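Colleague: I'd like a close look at one part of this model, please: the largest pocket. Could you walk me through what lines the pocket and how the surroundings are built?

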Amino acid sequence: MRTALAVLIGREPDLDVSSASWHGALATSRALRPDVCVIDMDSPGASEECGGVRSLAARCGEGDEGGALLALATAGRPGPLRRAYEVGALGYLSKNASPDRLVEGIRHVAKGERYIDETLGYGFLQAAEMPLTRRELSVLSLAAEGASVGEIARSLHLSNGTVRNYMAAITRKTGARNRVDAIRISRGAGWV
């Protein structure tokens, strides 16, 4: 998909395109200092506590702060939209948008203008209502990977009781029946 989009965008006479997987994105952005970075917020690299996305966003655009980031997201998954917002993305485009809309979004973001696909409006409302804190998301992410309460506690430097309290709060806040249901609900929303 990335290669196909790069070819389509590369047909524009005023745009130079480079593409990279998540593994090579930081090195490529360091070397090229692109005017705009387009990121699929549903990809696994984008969901790792925003660290990779935040680093990449800092290398995109002009100036020391960067931030010329165009996030591709799915309307029904508010978690990736929220992560894109938290790292300061300037543009937000539905993954179902046409290539012409993608080029339009890139051009707006390159000028430093905010660009938001109207089909993502409801997703933004859902993202604003995400009930979990960052710490709860950290706990839930580890639980979703299959970590036990003890493993989560060691990884996050918490006590077992604190992890259990977080899991109880997560279950309550997501309206889940149990830990597994909380993970299912959160994955469906794109929070983890």
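Modeller: Happy to! A word on confidence before we go in: this is a predicted model, with a mean pLDDT of 82 for the chain and 87% of its residues at 70 or more. Among the elements, helix 8 (residues 149-156) has the highest mean pLDDT, at 94, while helix 3 (residues 51-58) has the lowest, at 62. Where pLDDT is low, the predicted coordinates should not be read in detail.

Now to the pocket itself. The largest pocket holds about 1,200 Å³ of space, and 38 residues line it. Ser18, Ser19, Cys37, Val38 and Ile39 are the lining residues that lie nearest its centre. Two or more lining residues come from each of helix 1 (2-10), helix 2 (22-32), strand 1 (37-40), strand 3 (91-94) and helix 5 (99-110). Sorted by class, the lining has 23 nonpolar residues, along with 8 polar and 7 charged ones.

Strand 1 leads us from the pocket into the sheet. That sheet is open, with 4 strands in the order 1-2-3-4 and parallel pairing. Strand 1 and strand 4 (115-116) are at its edges with a single partner strand each, so one side of each has no neighbour in the sheet. The pairing of strand 1 with strand 2 (residues 69-73) is parallel and runs over 4 bridges. Val38, one of the residues nearest the pocket centre, has Leu70 in strand 2 as its bridge partner.

Key. Residues numbered from 1 in each chain as written. Predicted model: local features only at pLDDT ≥ 70, side-chain atom pairs only at ≥ 80, totals over all residues. Heavy atoms only, no water. 1 Å grid on protein atoms, 1.4 Å probe; cavity = no way out; pocket = protein on both sides within 12 Å on 5 of 7 lines; lining within 4 Å. Points joined across faces, edges and corners; volume = space filled by probe spheres on them. Nonpolar A, V, L, I, M, F, W, Y, C, P; charged D, E, K, R; others polar. pLDDT = per-residue confidence, 0-100. Pairing = 2+ DSSP bridges.
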